[in-house]
Amino acid sequence: MSGRRAHMGMSVTISAATEQDAEQIFRLQYLCFQPEAALYGNYRIDPLVQTLDSVREEVARDCVFVARLGEEVVGSVRGAATEDGAAAIGKLCVHPRLQGHGIGARLLRAAESALAGRHGATRFRLHTGHRSEGNLRLYRKVGYETVGTSQGADGVPMIVLEKPASTYAATA
């Protein structure tokens with residue numbers, strides 16, 4: 001077992017997404033957010049109803065990173081600068097068979113680094129459903145704190161978390 005684990009950890013690389021990745025990101029997102037939808041009994045959550053064209057637009061416009069295992073996209077995250085100096089990070093997903101290996105944290109770091117470096121973000125903001133314990137654990141572990149709640153467009157109550165960019169620079 002340890003051999004397989006080492007192999008996975010070693011060969012997963014994080015890089016900026018390209019146009020060619022859009023379709024794999026689209027499929028991965030659909031796979032990854034099924035359990036989330038089931039958790040809320042709501043299959044209209046944004047990652048599941050987003051179109052491939054919309055994913056393509058985000059890849060072209062936003063700060064999108066992917067985790068690759070060989071040719072396969074096994075993780076992805078989106079980041080975008082917002083008007084108030086906070087950068088929004090969202091749609092973090094890692095293939096179910098590769099979860100628990102720190103890939104999500106690596107994707108977050110890549111997005112934070114790019115948003116702070118390229119867009120001068122002073123803080124990062126993300127939100128997750130109020131019942132998504134795994135997500136909340138990961139975000140808190142990497143320095144995010146709850147700052148409030150919001151209602152998703154799909155009606156799911158969301159927890160809003162933020163982290164100052166300065167902590168990123170200090171630990172980079």
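How many bridges join strand 1 to strand 2, and in which sense do the two run? In this predicted model, strand 1 (residues 12-16) and strand 2 are joined by five bridges and run antiparallel. One point on that seam is A16, which stands opposite F65 in strand 2. On to the other neighbour: strand 2 also runs antiparallel to strand 3, this time with seven bridges. F65 turns up here too, with V77 as its bridge partner in strand 3. Strands 2 and 3 make a hairpin with two residues between them, where G70 takes a positive phi near 65°.

How well covered is strand 2? Seven of its seven residues are buried. In a regular strand, side chains point alternately to one face of the sheet and the other. For strand 2, both faces are covered: one side carries C63, F65, A67 and L69, the other V64, V66 and R68, and all of these are buried.

Strand 6 (residues 145-151) is another story. Among its seven residues the count of buried ones is zero, so to speak a strand that is hardly covered. Its pairing is with strand 7, antiparallel and over six bridges. E145 has E162 in strand 7 as its bridge partner. Strand 6 and strand 7 form a hairpin as well, with five residues between them, and G155 in the turn has a positive phi of about 90°.

Now for the interior. The largest nonpolar core holds 28 residues, and the ones touching the most other members are F65, I89, L107, F124 and Y144. At least two residues of this core come from each of strand 2 (63-69), strand 3, strand 4, helix 6, strand 5, helix 7 and strand 7 (157-164). Helix 6 makes the largest share, with seven residues. There is also a second, separate core of 18 residues, which includes A17, C32, V73 and M158. F65, then, is the bridge partner of V77 and also among the core residues with the most contacts to other members.

Y144 has a further role in the picture. Searching the whole structure for aromatic pairs gives just one. The partners are Y139 and Y144, with ring centres 6.1 Å apart and planes at 65°; planes over 60 degrees apart count as edge-to-face, so that is what this pair is. Are these two tyrosines, Y139 and Y144, buried or exposed? Y139 is buried, with a relative accessible area of 7%, and Y144 is buried too, at 2%.

Y139 also leads to the largest pocket, which encloses about 1,300 Å³ of space. Of the 48 residues lining this pocket, F33, K91, L92, N135 and Y139 lie nearest its centre. Two or more lining residues come from each of helix 3 (34-40), helix 4 (46-49), strand 3 (72-81), strand 4 (86-94), helix 6 (103-119), strand 5 (123-129) and helix 7 (133-141). Which element gives the most to the lining? Strand 4 does, with seven residues. By residue type, the lining divides into 23 nonpolar, 14 polar and eleven charged residues. Strand 3, strand 4, helix 6, strand 5 and helix 7 are listed for the pocket lining and also supply residues to the largest nonpolar core.

Note on methods: Residues numbered from 1 in each chain as written. Predicted model: local features only at pLDDT ≥ 70, side-chain atom pairs only at ≥ 80, totals over all residues. Heavy atoms only, no water. 1 Å grid on protein atoms, 1.4 Å probe; cavity = no way out; pocket = protein on both sides within 12 Å on 5 of 7 lines; lining within 4 Å. Points joined across faces, edges and corners; volume = space filled by probe spheres on them. Helix = DSSP H or I, 4+ residues; strand = E, 2+ residues; numbered from the N terminus. Nonpolar A, V, L, I, M, F, W, Y, C, P; charged D, E, K, R; others polar. Phe/Tyr/Trp six-rings, centres within 6.5 Å; stacked < 30°, edge-to-face > 60°. Buried < 20%, exposed > 50% of the residue type's maximum accessible area, 1.4 Å probe, protein only. Core = buried A, V, L, I, M, F, W, Y, C linked by side-chain atoms within 4.5 Å. Pairing = 2+ DSSP bridges.
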